[in-house]
Amino acid sequence: MQTNKSKKISIRDIAVLSVFGVIIYISKVVLEFLPNFHLITMFIITLTVVYRAKALISIYVFVFLIVYMNGLSLWTIPYFYIWLFPFILTLILPRNLPDKISAICWTGISVLHGFLYGTLFAPFQSIAFGLSFEATIAFIITGLPWDLLHGISNGLVSLLILPLVKLLKKIT
């Protein structure tokens with residue numbers, strides 16, 4: 001039987017990670033009534049810790065569901081790169097950190113992603129709308145209150161990462 005530590009992708013990995021992509025999408029839809037509160041970053045970090053690079057399957061199943069359900073539009077295009085930020089930061093963390101240090105790092109990544117969400121969106125918005133540098137900075141500044149809320153909510157939800165990582169490692 002192939003383990004998740006293997007670099008090969010098994011049919012089981014594809015199935016499990018695709019289901020997680022659907023779960024991420026459903027969690028986003030269910031929580032849309034709460035501004036800038038979601039489980040997406042928490043799931044991305046959790047899956048990256050457990051499945052490493054294979055977590056890209058879940059990320060892009062989620063992204064393609066967003067595009068399929070909402071259409072390819074100016075707000076969905078950045079989804080192709082914006083979720084790589086927590087994925088890459090999590091992937092480069094050392095794997096053998098103590099649980100408390102890992103949890104602090106994962107929370108830091110979650111909060112940082114929330115705080116920088118508008119800034120990460122800005123390059124695409126700037127290109128798509130032909131914004132000047134000054135207009136791009138104004139776009140970022142205008143979104144700062146929402147990014148602050150996003151970072152705080154990501155930090156709260158990140159408290160679920162360690163227990164979920166332990167559970168997934170136990171059952172996979």
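Does Arg52 count as buried or exposed, and at what relative accessibility? At 17% relative accessibility, Arg52 counts as buried, where buried means under 20% relative accessible area, exposed means over 50%, and partly exposed lies in between, as found with a 1.4 Å probe on protein chains only.

The views below show a predicted model, in which local features need pLDDT of at least 70 and side-chain atom pairs count only at pLDDT 80 or more, whereas totals for chains, interfaces and linings use all residues. Residues are numbered from 1 along each chain as its sequence is written, and side-chain values use heavy atoms, with hydrogens and water left out.

**View 1. Two loop residues, Arg52 and Asn36, have positive phi values.** Most residues other than glycine have a negative phi. Arg52, although it is not a glycine, has a positive phi of about 55 degrees, and this residue is found in the loop between α2 and α3. The helices named here are DSSP runs (H or I, at least four residues), while strands would be runs of E of at least two, and both are numbered from the N terminus. Asn36, in the loop between α1 and α2, has a phi near 60 degrees, which is again a positive value in a residue other than glycine. Asn36 is partly exposed, with a relative accessible area of 26%.

**View 2. Helix α1 packs against helix α3.** Two packed helices are described by the angle between their axes and the distance between the axes. The axes of α1 (residues 11-30) and α3 come within 7 Å and cross at roughly 45 degrees; such axes are lines fitted to C-alpha atoms, for helices over the stretch in contact, and the angles run from 0 to 180 degrees between N-to-C directions. The two helices are therefore oblique to each other, a word used for whatever remains once angles under 35 degrees count as roughly parallel, over 145 as roughly antiparallel, and 65 to 115 as roughly perpendicular. The crossing of α1 and α3 is right-handed, meaning that the near helix is turned clockwise from the far one by less than a right angle, whereas an anticlockwise turn would make a crossing left-handed. Among the residues of α1 that meet α3 are Ile14, Leu17, Phe20 and Tyr25, and those of α3 include Ile57, Val61, Phe62 and Leu65, with contact meaning heavy atoms within 4.5 Å. The residues of this contact divide into 12 nonpolar, 3 polar and 1 charged, where Ala, Val, Leu, Ile, Met, Phe, Trp, Tyr, Cys and Pro count as nonpolar, Asp, Glu, Lys and Arg as charged, and the others, Gly among them, as polar.

**View 3. Helix α5 packs against helix α6.** Helix α5 (residues 84-92) and helix α6 (residues 99-129) pack at an angle of about 150 degrees, with their axes 9 Å apart. That angle makes α5 roughly antiparallel to α6, and their crossing is right-handed. The contact is made by Phe85, Pro86, Leu89 and Thr90 of α5, together with residues of α6 that include Trp106, His113 and Leu120. This contact holds 8 nonpolar and 2 polar residues, and no charged ones. In α5, Pro86, Phe87 and Thr90 are buried. Seen down the axis of α5, these buried residues fall within an arc of 105 degrees, so they line one face of the helix, the arc being that of the directions from the helix axis to the C-beta atoms. What covers them includes α2 (40-51), α3 (56-70), α4 (79-82) and α6.

**View 4. Gly114 is found in helix α6.** Gly114 has 0% relative accessibility and counts as buried. Leaving aside its neighbours within four places in sequence, Gly114 is in contact with Asp147, His150, Gly151 and Asn154. The C-alpha atoms of Gly114 and Trp146, which lie 32 residues apart along the chain, are separated by 8.9 Å.

**View 5. Helix α8 packs against helix α2.** The axes of α2 and helix α8 (residues 161-171) come within 9 Å and cross at roughly 40 degrees, and that makes α2 oblique to α8. The contact is made by residues including Met42, Ile45 and Val49 of α2, and by Ile161, Leu164, Val165, Leu168 and Lys169 of α8. By class, this contact has 9 nonpolar, 1 polar and 1 charged residues. In α8, Ile161, Val165 and Leu168 are buried. They cover an arc of only 70 degrees around the axis, which puts them on the same side of α8, whereas Lys170 and Ile171, on the other side of the helix, are exposed. What covers the buried residues of α8 includes α1, α2, α6 and α7 (133-157).
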